[in-house]
Amino acid sequence: MSRPMVTYKPSDEVDFVIIGSGAAGGVLAKELSTNGFRVVVLEQGEYLREKDFTHDETKIFVQSLLTNKVNVHPVTFRKTPEETARKQQAVLYGSCVGGSSVHFTANFWRFHEIDFKEHSKVGDIPGATFADWPISYADLEPYYTKVEWEIGVSGLAGSSPFDPPRSKPYPMPPLPVKGNGVVFERACRKLGYHAYPAPMAILSQPRTGRAACMNCGFCLGFGCEVGAKSTSLSSVIPMAEKTGRCEIRPNCYVHRIETDKNGRATGALYFDGQRNVHLQKAKAVILSANGAETPRLLLLSASNQFPAGLANSSGYVGKNLMPNSGAIAFGVFDEQLNDYKGPAVSRIMHDFYELDPKLGLYGGGGLDARFDFTPISFALNGVPPGASKWGAGFKQTLAHNFTRTMQIFCHGTSLPVEANSFSLDPDVKDAYGLPALRMTFRDHPNDLKMMEWMKDRALEILDAAGAKTKWAPPIQEQQFAVHLLGTCRMGNDAKTSVINADHRTHDVKNLFLCDGSSLVTSGRGQPTMTIQALAYRAADRITTLAKHGEISA
Amino acid sequence: MNSFYPARRDFLQLLGGTASAAWLTANWPALVSAAEHAHQAAKSGHTALEVFTADQAREVEALCACIIPSDATAGAREAGVVYFIDRALKTFFSDALPVYQKGLEAAQKTTAELFPGVPRFSAATEEQKLKIFSHIAEESERPESGARRLAPGASPDFFQTLRVHTIFGFLVDPEGGGNRDFVGWKAIGRDPSHSFSAPFGFYDKDYPGWQPVPGETEKK
């Protein structure tokens with residue numbers, strides 16, 4: 001198996017230290033090391049390989065093999081700033097080399113043009129800190145294409161009339177359609193909608209030393225045993241290591257960014273696996289620790305010079321959290337779908353991406369046909385309301401429904417709300433004695449209303465698809481986030497944003513942030529593709545700045 | 001070796017028709033590693049108890065069998081759920097051990113109260129077990145209802161805990177120590193194979209391929 005081809009001492013001043021090896025950190029590591037820079041990536045989690053991955057749910061969901069461990073890094077939650085937060089697993093993110101890209105479902109939509117300039121079109125929305133991006137879809141398009149071709153995305157260009165312009169087709173055809181995709185597509189056609197093959201970051205064909213998907217069905221939550229899922233671990237990190245200039249250093253819990261008297265970042269302070277503290281020195285620091293841990297790290301790095309936290313002169317570090325809104329509907333069919341086989345999603349539709357303003361709703365969403373249950377999660381959460389929970393009736397329901405159930409998942413906008421945030425809990429500490437991550441969140445009322453509307457459309461589609469039984473859980477305020485977006489947002493105005501369009505913090509010249517925290521709006525869900533496109537673009541911008549001597553000067 | 005896991009040829013199939021010999025040579029170690037990893041999954045089937053006494057295990061097994069009974073297909077008993085729970089209480093579900101200790105005592109009291117003379121839950125008839133277990137489940141559903149509790153001191157979480165653990169033990173990948181010989185997956189219609197090819201089910205078998213909506217190919 002591949003091993004780091006280079007190692008650096010913490011005292012070696014490398015060109016870049018990158019915190020986090022996930023969707024963004026992996027891309028930045030690959031690009032910057034390819035461009036000739038010496039890079040150290042500090043990853044909180046372990047360096048697991050394909051051989052370490054498993055379908056054993058006790059390891060994945062009970063022991064959090066791939067994700068944040070709340071017994072070490074507790075999380076607290078409250079709905080409003082007036083409340084005292086209580087311990088709750090409110091946030092789930094990847095904690096291993098490759099980050100959340102290792103366990104994600106691999107839905108890989110591009111954002112649309114509207115997502116970057118929606119504020120200009122719709123104006124202010126009460127209760128929201130709504131803003132345009134400082135970049136456009138056109139600025140990002142070449143990087144979306146680069147993502148598709150470098151990491152490997154399956155899809156069919158031109159199959160959705162709502163898709164934004166693209167400069168190149170997908171590098172490989174879509175994955176096989178599933179039963180849920182077929183009935184969804186037929187129903188959409190009946191209703192005048194446009195279902196199309198889902199773009200997925202999963203290989204439909206062998207590519208660059210990686211096997212094609214074997215349709216095992218264990219995507220969401222699991223690592224891919226054959227490397228077919230296009231994670232940072234399977235795609236860009238091996239490329240970074242091959243340059244001989246990039247070290248991926250696992251089991252490093254970064255808890256502070258050090259600065260000098262001139263207010264420049266000098267490196268990252270971290271605990272190693274034995275809890276020894278080291279300072280990895282670097283000419284510049286890049287945080288790609290995700291939309292929760294990046295702002296937490298900035299807040300943990302407060303000093304006399306930066307009393308409100310590093311790069312936080314705006315006060316916007318950690319604010320405007322957008323986890324995306326969601327609704328789900330279930331249908332049970334007469335015949336066997338067997339949707340437990342293959343990746344979760346095979347058809348999506350974007351007819352509701354921009355809703356008619358006459359509906360009185362802001363934003364929009366995308367719907368996908370899916371089955372993202374394992375046998376266990378299906379038994380716990382996939383049976384209809386009112387069904388027996390034990391005994392012969394329960395067993396019969398499982399035996400009949402497991403192979404005949406599908407879901408329609410509605411993914412939608414979250415509006416940015418200033419009070420929705422990540423901050424440091426004043427009372428609860430982690431296993432290292434540092435303040436725990438605190439989440440404050442209550443959905444903007446528009447987002448809940450929009451999901452009600454979406455849920456009704458999903459039920460109509462299930463009707464048109466011929467579902468024998470259908471139901472949808474009630475829309476509720478969210479208390480759990482996996483899309484960690486907007487918490488150090490990008491903007492031209494240093495008073496209302498944390499980073500500029502180059503991902504450089506407004507306050508610290510050699511400190512860059514790039515991950516879900518950079519997003520200004522939430523799109524309609526499925527942010528990873530955009531996070532990676534931003535990372536490729538950020539790497540270009542950072543390289544240019546470095547080569548012009550504008551970082552270390 | 002378990003016949004449900006892919007052999008070498010199955011991994012070759014994954015590579016599709018375009019894989020060259022050089023590609024295979026370069027990547028074979030990783031694929032073999034993945035295959036070996038998959039084979040290890042068949043090594044489940046714990047049969048030794050580490051936490052429960054034999055008496056406790058007999059009671060737990062009888063209770064689990066109420067959640068997923070054995071009928072035309074295997075149930076919790078055949079899947080070895082009690083051994084899964086025993087191992088789990090030693091390791092990743094160890095916090096739940098007091099719930100079992102209290103829950104088993106309560107089940108015993110409920111049995112004695114409803115059916116005096118029946119020495120223990122596992123000794124009750126199937127009809128009696130259903131009645132006793134219904135009480136246990138109902139108590140859990142209405143822990144704050146104020147209804148007379150047949151077994152004061154019973155943990156309201158016992159039924160929920162037992163239900164979740166039984167589902168885990170019945171349906172976990174056998175690598176996790178339950179679902180012995182994949183009997184749980186078979187009971188719910190899940191093919192235990194490790195990889196699949198399309199078509200997967202009834203609705204996609206005659207799918208003609210994706211086509212644009214006629215007359216609507218222009219951009220919206």
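Which loop of chain A is A:Arg275 found in? Look between strand S8 (265-271) and strand S9 (277-287) of chain A. Keep in mind that this is a predicted model. Below are a sheet in chain A, two backbone oddities in its loops, and a cis bond in chain B.

**The sheet in chain A**
- Four strands make up an open sheet with mixed pairing, in the order S4-S3-S15-S14 (chain A).
- Strand S4 (86-87) and strand S14 (421-429) of chain A sit at the edges, so to speak, each pairing on one side only.
- S14(A) and strand S15 (residues 435-440) of chain A run antiparallel and are joined by 5 bridges.
- If you want one pair to find on screen, A:Ser423 has A:Arg438 in S15(A) as its bridge partner.
- Helix H7 (residues 293-300) of chain A packs on this sheet, where it touches S14 and S15 of chain A. The direction of helix H7 makes about 60° with that of S14(A).

**Positive phi in chain A**
- Most residues other than glycine have a negative phi.
- A:Arg275 isn't a glycine, yet its phi is near 70°. A:Arg275 counts as exposed because it has 9 C-beta neighbours inside 10 Å, and the cut-off for exposed is 12 or fewer.
- A:Asn338, also not a glycine, has a positive phi of about 55°. Its loop runs between strand S10 (325-332) and strand S11 (345-349) of chain A.
- A:Asn338 has 25 other C-beta atoms within 10 Å, so it is buried; the cut-off there is 20 or more.

**A cis bond in chain B**
- Most peptide bonds are trans.
- The one from B:Ala198 to B:Pro199 is cis, with omega near 0°.
- B:Pro199 lies in the segment after helix H8 (183-187) of chain B.

Terms used. Residues numbered from 1 in each chain as written. Chains lettered and ligands numbered in written order. Predicted model: local features only at pLDDT ≥ 70, side-chain atom pairs only at ≥ 80, totals over all residues. Pairing = 2+ DSSP bridges. Contact = placed C-beta atoms within 7 Å. Axes fitted to C-alpha atoms, helices over the stretch in contact; angles between N-to-C directions.
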